[in-house]
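Me: I have a model open on my screen and would like a close look at one part of it. Could you walk me through it in a friendly way, and then carry on into the surroundings?

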Amino acid sequence: MDHPCLGALSYSRQGGQDGAERPWGSVGWGQGNSQVSEMPLPQKKRWESMAKGLVLGALFTSFLLLLYSYAVPPLHTGLASTTPEGAAPCSPALSEPEAPTPANGSAGGCQPRRDIVFMKTHKTASSTLLNILFRFGQKHGLKFAFPNGRNDFDYPAFFARSLVQDYRPGACFNIICNHMRFHYDEVRGLVPPNATFITVLRDPARLFESSFHYFGSVVPFTWKLSGRDKLAKFLQDPDRYYDPHGYNAHYLHNLLFFDLGYDSDLDPGSPQVQEHILEVERRFHLVLLQEYFDESLVLLKDLLCWELEDVLYFKLNARRASAVPRLSGELYRRATAWNVLDARLYRHFNASFWRKVEAFGRERMAHEVAALRRANERMRRICIDGGHAVDATAIQDSAMQPWQPLGTKSILGYNLKKSIGRRHAQLCRRMLTPEIQYLMDLGVNLWVTKLWKLIRDFLQW
């Protein structure tokens, strides 16, 4: 689930009006002391009930504020001290052989790679890739580095090893894949030296559009936008509305740069921009592109020496088309210019992506993409009731209900077929399980996320 940080809540309780009671103003002040001093019993109980409600409301609000201060860390613009100095790096057991690193997955003697860092960026089809990693890790009994209490590593704060559930100095993990704000040294210290680093990017204008619709309601400076199309209004003059220090502002400006651990408000003319882009290139073995997801998965399969079944997928966390109006030519240009750091990052890795495709072989790529799509289509017929995604209200099993953004139910999900052969039953369920439920299946402690869901359900958000 991609969910935003919790917002401060207010709560009030109003006593109901009994139609048989007289309103307070109907009591006559000139009718004797007995009428003034002796409040009717039902009226007295009503006031006592209201007083209790106010006290409970105050306590409830105080509790939520405490929860908010715990669950939402302060936003750091620079790297701060995270894990105590001297924390031991990952020390893999001597009995664990390191996987070879062939030029590509088709090389003879290739062994599947099992140590993987996935830098999960927002609104980039990353939930679908997360499901692939969950399935692979579960299938092979691998050790995940999971968050503790919530489904991300205290985002938007920088990642720290101490945030990992059951972390002990020197502990080694096979897979790290939940949302974080990237901190390379901290992540590097959790995995073996031969771990594969991957991430995924998306056209910055389209990403901004998606992020605006998904997170806009929890970015306060957007509340003053008027009109039906707030995104268009914002893009007419972003500097008028944008507040770099505003709560959740990072969701609406160079979000890729931010997620990767860099300053999203960096001057585009600064030489640091290109330095950061080249640093990403050095650190990551493969940068996938959301627009070419199937081609990306073929490259990933080759890099990791996996089987076709390992990269099968259904599109998860997708939204209704009606909830995502496409940007026009002029608005697309404005959105790209507003996210210029992300645009430069994307252009760089778009070029390098196609160089990898050329090295892989265009004809070979087309053949493998076709095989992947045929296999996905076969699984769709086997697993999905009706053969397609449905609105949240039409999902019959709560275990298949994806996390929804505040104030709307725009995220689609699936209904699992009632009768599936034993050979595919487990795979179908895992492929269709949303992130939050899958994390719980894997034994992750999600008490903050669960509590937040209860509050949202109670308030009907």
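In which loop does Phe-173 lie?

Reply: Happy to help, and please keep in mind that this is a predicted model. Phe-173 sits in the loop between α3 and β2. Its relative accessible area is 4%, and because the cut-off for buried is under 20%, Phe-173 counts as buried.

Now for its surroundings. Setting aside neighbours within four places in sequence, Phe-173 makes contact with Asp-115, Lys-143, Phe-144, Ala-145, Val-164, Tyr-167, Leu-190, Val-191 and Pro-192. You can also look across to Leu-142: 31 residues separate Leu-142 and Phe-173 in sequence, and their C-alpha atoms are 8.0 Å apart in space.

Next, step to the cysteine beside it in the numbering. Cys-172 is found in the loop between α3 (126–139) and β2 (175–176), and a disulfide joins Cys-172 to Cys-90, with an S to S distance of 1.6 Å. Cys-90 belongs to the loop between α2 (41–71) and β1 (116–119), so this pair ties together parts that are 82 residues apart in sequence. The torsion about the S-S bond is about 85°, so the disulfide of Cys-90 and Cys-172 is right-handed. Both ends are tucked away: Cys-90 is buried at a relative accessible area of 12%, and Cys-172 counts as buried at 17%. A little further along the chain, Cys-177 is buried too, with 0% relative accessibility.

That bond has company, since the count comes to 3 disulfides. As a reminder, a disulfide is a covalent bond between the sulfur atoms of two cysteines. Another one is formed by Cys-110 and Cys-305, whose sulfur atoms are 1.9 Å apart. This pair links distant parts of the chain, with Cys-110 in the loop between α2 and β1 and Cys-305 in the loop between α10 (293–304) and α11 (329–338), 195 residues apart. Cys-110 and Cys-305 are both buried.

Then there is the disulfide between Cys-383 and Cys-428, with sulfur atoms 1.9 Å apart. Here the distant parts being linked are helices: Cys-383 is in helix α13 (residues 362–383) and Cys-428 in helix α14 (residues 422–432), 45 residues apart. The torsion about the S-S bond of Cys-383 and Cys-428 is about -65°, so this disulfide is left-handed. Both of these cysteines, Cys-383 and Cys-428, are buried as well. If you number the bonded cysteines of the protein in sequence order, the pairing reads 1-3, 2-4, 5-6.

Finally, let us turn to the strands. In strand β3 (residues 196–201), 6 of the 6 residues are buried, so β3 is largely enclosed by the rest of the structure. Its two faces are both covered: Thr-196, Ile-198 and Val-200 are buried on one side, and Phe-197, Thr-199 and Leu-201 are buried on the other. Strand β3 runs parallel to β1, joined to it by 4 bridges, and Val-117 stands opposite Phe-197 in β3. Strand β3 also runs parallel to strand β4 (residues 286–289), again with 4 bridges. There, Leu-201 has Leu-289 of β4 as its bridge partner.

To bring it back to your starting point: Phe-173 is a buried residue in the loop between α3 and β2, and Cys-172 in that loop is bonded to Cys-90.

Terms used:
Residues numbered from 1 in each chain as written. Predicted model: local features only at pLDDT ≥ 70, side-chain atom pairs only at ≥ 80, totals over all residues. Heavy atoms only, no water. Disulfide = S-S within 2.5 Å. Buried < 20%, exposed > 50% of the residue type's maximum accessible area, 1.4 Å probe, protein only. Contact = heavy atoms within 4.5 Å. Pairing = 2+ DSSP bridges.
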